[in-house]
Amino acid sequence: MVLVSFLTFTLFICGCGSKRELNELAIVLAMGIDKVEEGYEVSLQVVNPNEVSSKQGGSGRAPVVTYYAKGKSIFEAIRRSTTITPRKPYFAHIQILILGEELAKEGISESLDFFLRDNELRSDFFVIVSDETTAREVLGIFTPLEKIPANKLFSSLEVSGKSWAPSTSVHVHDLVNELSTKEKNSILPNISILGDAALGMNQSNVEKIEPPAKLKYTGLAVIKQDKLAGILTEDESKGYNYLKNNVKSTVAVISCPEEGELAMEISSVKTKLKGKVKNGFPSIDVKIRVEQNVGEVNCSIDLTKKKTRDYINNKTTEQIKKNIEETLVTFQNDYQIDVLGFGEAIRRADHKAWNKMKEEWVELFPNVEVNVSVDVKTTGTGTKVNSILHEEKE
């Protein structure tokens, strides 16, 4: 990416007391951490500025180089990487931190300490967990469209978070805040390698119409007491984001009255959680207001009629409620952790009552009554109200 190289270059030519030349540094855009016998293995994806900024055909070299090093601590592994890299790693432009699956299962807090102490690091990069693979393998996959795999990982997470509800992004500073609590619970995006990882590590992966390997965000990872406890399904991930007011836009596919389907574009979602305590028992009221547009019609239906729009609104309401109910069962019964903000809602509503129950919240949470109200309105039907294709069939 030319912009990355330009911005990076600009940073160093501007006068400052700690000025360092660009040709003295290895700009790290993504980092992976895996648990190994020796302690930790770090993977540093370093940009090759000449290849990325070249307007020519390039020299044939990869736009990035990934270096690997092991150590008893992450700091030691990073310093050991200088025996391999021709330049000192520079972390000010890191975009993505990948935590390997085995590391996440053993606990992630210790691996984050380095990122709180290094004064080169910003705290606005994303943290993700690799699913059934290592962080090293994820960072080794060549990605089409984006020359730099770190840019693909960053951009896909941002884009899917804005247009596909099961995705969300988590900055390292938010993760650290959540893991600083006594419960140490959190939610992180989950990345998988689809296809043949070995072939994906060859540059030919980007030379084919159908790449042998792709990187895909698949649901959300549940961190319970600092450790990876499981992966949410797509529907559970969507329900989580509805409850957390994270949904910006998504698609809901609903059935038509007789046969066929409608695809609805969810264009606006506003979720409000309200806690209350009655006779010593806490409960949560969830109110969700949704606006949607008709995105695709694959059936014979008259969208000009009010009863049709009411039907569509009701079907979308049912689907959203179903997603949320599945999510509530998963968190209250299976994982028994409050990553939904229910405790905070109770604290805001009744501080005195919360002080009495907060020490027992882990035991109380699975039995908290949750009342969900969803109000859906259809605001647009597109440039053509009814389907031309189905009119012709009739």
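The exercises below concern a predicted model.

**Exercise 1. The disulfide**

Find which cysteines are joined by a disulfide, and work out its handedness.

Solution.
- Step 1. A disulfide is a covalent bond between the sulfur atoms of two cysteines.
- Step 2. Searching the whole structure gives 1 disulfide. Its partners are Cys256 and Cys299, with an S to S distance of 2.0 Å.
- Step 3. Place the partners in the chain. Cys256 sits in the loop between strand 10 (250–255) and strand 11 (261–278). Cys299 sits in the loop between strand 12 (281–298) and helix 11. The two are 43 residues apart, and the pair links distant parts of the chain.
- Step 4. About the S-S bond of Cys256 and Cys299 the torsion is about -75 degrees, so this disulfide is left-handed.

**Exercise 2. Two helices in contact**

Describe how helix 10 and helix 11 are arranged, and list the residues that make the contact.

Solution.
- Step 1. Two packed helices are described by the angle between their axes and the distance between the axes.
- Step 2. Helix 10 covers residues 234–243 and helix 11 covers residues 306–335; their axes come within 8 Å and cross at roughly 95 degrees.
- Step 3. Angles of 65 to 115 degrees count as roughly perpendicular. Helix 10 and helix 11 are therefore roughly perpendicular to each other.
- Step 4. From helix 10, the contact uses Asp235, Glu236, Lys238, Gly239, Tyr240, Tyr242 and Leu243. From helix 11 come Ile320, Asn323, Ile324, Glu326, Thr327, Leu328, Thr330 and Phe331.
- Step 5. Sorted by class, the residues of this contact are 7 nonpolar, 4 polar and 4 charged.

**Exercise 3. The largest pocket**

State the volume of the largest pocket and describe its lining.

Solution.
- Step 1. The largest pocket holds about 780 Å³ of space.
- Step 2. Its lining has 27 residues, and those nearest the centre are Thr181, Glu183, Asn185, Asp338 and Trp361.
- Step 3. At least two lining residues come from each of helix 8 (172–179), strand 7 (186–195), helix 12 (342–349) and helix 14 (361–364).
- Step 4. The lining of the largest pocket contains 9 nonpolar, 8 polar and 10 charged residues.

**Exercise 4. The second largest cavity**

Identify the residues that line the second largest cavity and sort them by class.

Solution.
- Step 1. The whole structure contains 2 cavities of 30 Å³ or more. The second largest cavity has about 40 Å³ of space.
- Step 2. Its lining consists of Leu157, Pro166, Ser167, Thr168, Pro189, Asn190, Tyr217, Thr218, Gly219 and Leu220.
- Step 3. Strand 7 and strand 8 (213–224) are the elements giving two or more residues to this lining. Strand 8 gives the largest share, 4 residues.
- Step 4. The lining of the second largest cavity divides into 5 nonpolar and 5 polar residues, with no charged residues.

Terms used: Residues are numbered from 1 along each chain as its sequence is written. This is a predicted model: local features need pLDDT of at least 70, side-chain atom pairs count only at pLDDT 80 or more; totals for chains, interfaces and linings use all residues. Side-chain values use heavy atoms; hydrogens and water are left out. On a 1 Å grid over the protein atoms alone, a cavity is a set of points where a 1.4 Å probe fits but cannot get out, and a pocket is an open set with protein on both sides within 12 Å along at least five of seven lines; lining residues have an atom within 4 Å of a point. Grid points are joined across faces, edges and corners, and a volume is the space filled by probe spheres set on the points. Ala, Val, Leu, Ile, Met, Phe, Trp, Tyr, Cys and Pro count as nonpolar, Asp, Glu, Lys and Arg as charged, and the others, Gly among them, as polar. Axes are lines fitted to C-alpha atoms, for helices over the stretch in contact, and angles run from 0 to 180 degrees between N-to-C directions. Angles under 35 degrees count as roughly parallel, over 145 as roughly antiparallel, 65 to 115 as roughly perpendicular and the rest as oblique. Contact means heavy atoms within 4.5 Å. A disulfide is a pair of cysteine sulfur atoms within 2.5 Å.
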